[in-house]
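Subject: Structure handover

Hello,

Please find the structure below. My notes on it follow, grouped by topic.

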Amino acid sequence: QVRLVESGGGLVQAGGSLRLSCAVSGSISGIVGNMGWYRQTAGEQRELVASITTGGVTYYADSVKGRFTISRDNAKNTVYLQMNSLKPEDTATYYCNADEQRGTVTYNYWGRGTQVTVSS
């Protein structure tokens, strides 16, 4: 069974920084492909914040461009999200997401989420 374990959430004042980490572990028999971070607030749909391919190509939502940086360590199957200049509207539960390629089949996994709260 493949597991995604997030860490690094917490409470921070506006303008502060946090770094989220997500490690893929368990019975990985394929290649960990695209990885990303999503966030969700109560009553809202989960939205993509940032993603990164195996080769390092990144995508950012407009709302976080210039403030957040996604990176990964392929040897450790770990993805990071450095969040700077945090705003109260960044408050959400952040979820890690990862693909695993087993031949022609792609499996997709979610972490359980980590809470980020930004106070004004």
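Which side chain does a polar contact of 2.9 Å join to that of R39? The partner is Y94. Please keep in mind throughout that this is a predicted model.

**R39 and its surroundings**

R39 belongs to strand β4, which covers residues 31–40. Buried means a relative accessible area under 20%, and R39 has 7%, so this arginine counts as buried. Besides the contact with Y94, the side chain of R39 has a polar contact of 3.0 Å with the side chain of D90. Leaving aside residues up to four places away in sequence, R39 touches Q45, R46, E47, V49, S63, V64, F68, E89, D90, A92, T93 and Y94.

**Salt bridges**

The model has 5 salt bridges. One of them links R39 to E47, with 2.7 Å between the closest N and O atoms. The two partners fall in separate exposure classes: R39 is buried at 7% relative accessible area, while E47 is partly exposed at 35%.

A salt bridge also joins the side chains of K65 and D62, at 3.1 Å from N to O. Here K65 counts as exposed with 51% relative accessibility, and D62 is exposed as well, with 65%.

The side chains of R102 and E100 form another salt bridge, again 3.1 Å from N to O. R102 is partly exposed at 31% relative accessible area, whereas E100 is buried at 1%. As for how the bridges connect, those that share partners join R39, E47, R67 and D90 into one network.

**The disulfide**

The count of disulfides is 1. A disulfide is a covalent bond between the sulfur atoms of two cysteines. In this model the bond is formed by C22 and C96, whose sulfur atoms are 2.1 Å apart. C22 sits in strand β3 (residues 18–26) and C96 in strand β9 (residues 92–102), so the bond ties together parts that are 74 residues apart in sequence. The torsion about the S-S bond of C22 and C96 is about -85°, and the disulfide is therefore left-handed. Both C22 and C96 are buried.

**The four-stranded sheet**

In what order do the 4 strands of the open sheet run? The order is β1-β3-β8-β7, and the pairing is antiparallel. The edges are taken by β1 (2–7) and β7 (68–73); each has a single partner strand, so one side of each is left without a neighbour in the sheet. On average, neighbouring strands of this sheet are turned by 15° against each other, direction ignored.

At the β7 edge, β7 pairs with strand β8 (residues 78–83) in the antiparallel sense, over 6 bridges. If you want a specific position to look at in that pairing, I70 has L81 in β8 as its bridge partner. The sheet and the disulfide share an element: β3 is one of the strands in the order above, and β3 also carries C22.

**The pairings around β5**

β4, the strand that holds R39, pairs in the antiparallel sense with strand β5 (residues 47–52), over 5 bridges. Within this pairing, W37 stands opposite A50 in β5. β4 and β5 make a hairpin with 6 residues between the strands, and G43 takes a positive phi near 80° in that hairpin.

β5 also pairs in the antiparallel sense with strand β6 (residues 58–60), this time over 3 bridges. A50 has Y60 in β6 as its bridge partner. A50 therefore appears in both pairings, opposite W37 on one hand and bridged to Y60 on the other. β5 and β6 form a hairpin with 5 residues between them, and G56 in the turn has a positive phi of about 95°.

**Where to start looking**

For a first pass, I would put R39 on screen with D90, Y94 and E47. After that, the pair C22 and C96 shows the disulfide, and A50 shows the bridge to Y60.

Regards

How values were computed
Residues numbered from 1 in each chain as written. Predicted model: local features only at pLDDT ≥ 70, side-chain atom pairs only at ≥ 80, totals over all residues. Heavy atoms only, no water. Disulfide = S-S within 2.5 Å. Helix = DSSP H or I, 4+ residues; strand = E, 2+ residues; numbered from the N terminus. Buried < 20%, exposed > 50% of the residue type's maximum accessible area, 1.4 Å probe, protein only. Pairing = 2+ DSSP bridges. Axes fitted to C-alpha atoms, helices over the stretch in contact; angles between N-to-C directions. Polar contact = N/O pair within 3.5 Å; in protein donor to acceptor, adjacent residues only side chain to side chain. Contact = heavy atoms within 4.5 Å. Salt bridge = Lys/Arg side-chain N within 4 Å of Asp/Glu carboxyl O.
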